[in-house]
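User: I should like to learn how to read the features of a structural model, one at a time. Could the discussion begin with burial and then move on to other features?

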Amino acid sequence: MLLFTPGPTPVPESVRLAMATPTLHHRTAEFEAIFKEARERLMRLLGMDECVMIASSGTGAMQACMLNLCKTKALTVNAGKFGERFGKIADAMGRDKVEIKYEWNTPCAIADVEKALNENADIDAIFIQVCESAGGLRHPVEAIAKRAKEINPDIMVVADGITAVGVEKIDVSNIDALITGSQKALMLPPGLSMIGLSTAAVEKIGEGKDYYFNLAIEIKNQQKNTTAWTAATTLIIGLNAIFNAIEEEGFDVLYENTINRASATQAALEAVGFSMYPHVPALSMSTVYDEDAEPIRKLLKTKYSVNMAGGQDHLKGKIFRINQMGLIPVYESAWVVNAIELALADLGRREFDGTASRVFNEVYFKRANR
């Protein structure tokens with residue numbers, strides 16, 4: 001079965017083998033050396049001034065940022081389930097918030113952020129996705145962050161990059177917290193979240209808030225190559241292993257391969273009659289809108305051994321999402337679009353003529369050999 005869901009992604013064999021080594025105690029010099037290496041490599045990937053790793057899913061990192069970086073009022077951008085989640089976290093904490101809401105295929109407008117900030121001088125933190133994976137949407141996070149800092153230089157910009165880090169180069173010039181998770185482009189099992197932090201964010205955190213999610217305590221400990229609480233030892237060993245695999249060619253090559261696969265997949269799907277869902281697609285996944293998506297997805301899994309994600313809420317049964325994150329062999333992506341065309345033929349929707357594979361290969365080859 002080919003796992004092509006936008007998280008969790010497949011774990012490469014070299015990473016699985018690294019994590020199968022004997023368990024280490026987390027309070028040892030041996031593990032501290034492993035942690036130090038992972039932390040230094042993560043810092044380079046995120047491009048931030050500081051970083052922390054937390055034994056939690058990405059939602060834990062989202063909550064940690066709300067707890068530690070928002071003191072008065074939050075501005076949340078809701079264009080899907082994960083933007084909605086930031087708002088729900090604020091509500092659960094009793095934090096005042098202003099929410100800007102969009103359809104799940106519509107990116108956030110800078111003018112709407114300007115309006116919210118101008119009307120609410122007490123907003124001290126913005127929470128937004130780089131990629132809103134509910135619909136495969138890319139927000140203009142960098143431009144929004146830049147404009148927000150022009151309006152209020154002290155505002156904290158928190159960017160959920162869980163389905164963007166490791167997919168593309170993110171300009172963090174005006175970002176104060178960049179969140180990611182283990183089970184996406186870093187191709188690890190779920191359970192490890194990571195946050196890159198600016199110097200301004202570290203200063204605002206101060207002594208921190210909360211107990212388990214007190215980022216000040218984590219920063220203090222992780223600067224000494226240990227953790228405040230029990231470390232996710234196996235996942236951190238796996239993190240070094242995936243860095244080894246990616247760094248054989250480098251992240252720039254990974255980013256280029258990702259955009260080539262995503263572009264070729266989109267072209268192939270459009271060539272067999274599909275429409276892409278978001279107005280501004282993210283590179284991390286290819287999201288197809290189809291009123292009768294569920295039979296296609298079911299047939300792909302049962303007959304062609306391709307497992308991809310569907311939609312949620314009002315998009316249930318109307319979209320399917322094809323992963324583009326991580327070290328994906330190009331022949332697997334080519335098979336996926338071919339399988340989709342075969343499924344359409346099985347369902348009597350289109351005669352199979354090999355268009356998807358042909359277009360995929362043409363676009364990928366042209367991009368890869370520019």
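**Reading the model**

Analyst: Gly80 counts as buried, because its relative accessibility is 1% (buried means under 20% relative accessible area, exposed over 50%, partly exposed in between, with a 1.4 Å probe and protein chains only). This is a predicted model, in which local features need pLDDT of at least 70, side-chain atom pairs count only at pLDDT 80 or more, and totals for chains, interfaces and linings use all residues. Residues are numbered from 1 along each chain as its sequence is written, and side-chain values use heavy atoms, with hydrogens and water left out.

User: Where is Gly80 found, and with which residues is Gly80 in contact?

Analyst: Elements are DSSP runs numbered from the N terminus: helices are H or I with at least four residues, strands are E with at least two. In these terms, Gly80 sits in the loop between strand 3 (73-78) and helix 4. Contact means heavy atoms within 4.5 Å. With neighbours within four places in sequence left aside, Gly80 touches Trp104, Glu132 and Ala134. Its C-alpha atom is 31 Å from that of Ala231, a residue 151 positions away in sequence.

User: Is Gly166 buried or exposed, and what surrounds this residue?

Analyst: Gly166 is buried, because its relative accessibility is 2%. The residue belongs to the loop between strand 8 (156-160) and strand 9 (177-181). Apart from neighbours within four places in sequence, its contacts are Ala185, Leu254 and Tyr255. The C-alpha atoms of Gly166 and Thr258 are 9.5 Å apart, with their positions 92 residues apart along the chain.

User: How should sequence separation be read against distance in space?

Analyst: The two quantities are best read together, pair by pair. Glu37, in helix 2 (residues 29-46), is 203 residues from Asn240 along the chain, and their C-alpha atoms are separated by 7.3 Å. Ser14, in helix 1 (residues 13-19), is 18 residues from Glu32, with 22 Å between the C-alpha atoms. Glu37 is partly exposed, because its relative accessible area is 36%; Ser14 also counts as partly exposed, at 43% relative accessibility.

User: Which backbone angles deserve attention?

Analyst: Two kinds may be listed here: omega at a peptide bond, and phi at a residue that is not a glycine. The peptide bond from Gly7 to Pro8 is cis, its omega being near 0 degrees. Pro8 is located in the loop between strand 1 (2-3) and helix 1.

Asp210, although not a glycine, has a positive phi of about 80 degrees. This residue is in the loop between helix 7 (199-205) and helix 8, and is partly exposed, with a relative accessible area of 45%. Asn225, likewise not a glycine, has a positive phi of about 65 degrees. The loop between helix 8 and helix 9 (233-247) holds Asn225, which is buried, with a relative accessible area of 16%.

User: How is a helix crossing described, and at what angle do helix 11 and helix 12 cross?

Analyst: Axes are lines fitted to C-alpha atoms, for helices over the stretch in contact, and angles run from 0 to 180 degrees between N-to-C directions. The axes of helix 11 (residues 293-302) and helix 12 (residues 330-346) cross at roughly 115 degrees and come within 9 Å. Ile296, Leu299 and Leu300 of helix 11 make the contact with Ala339, Ile340, Ala343, Leu344 and Asp346 of helix 12. Seven of these residues are nonpolar, none is polar and one is charged (Ala, Val, Leu, Ile, Met, Phe, Trp, Tyr, Cys and Pro count as nonpolar, Asp, Glu, Lys and Arg as charged, and the others, Gly among them, as polar).

User: What is the volume of the largest pocket, and which residues lie closest to its centre?

Analyst: On a 1 Å grid over the protein atoms alone, a pocket is an open set with protein on both sides within 12 Å along at least five of seven lines, whereas a cavity is a set of points where a 1.4 Å probe fits but cannot get out; lining residues have an atom within 4 Å of a point. Grid points are joined across faces, edges and corners, and a volume is the space filled by probe spheres set on the points. The largest pocket holds about 260 Å³. It is lined by 19 residues, with Phe82, Ser133, Ile162, Thr163 and Lys184 closest to its centre. The lining comprises six nonpolar, nine polar and four charged residues.
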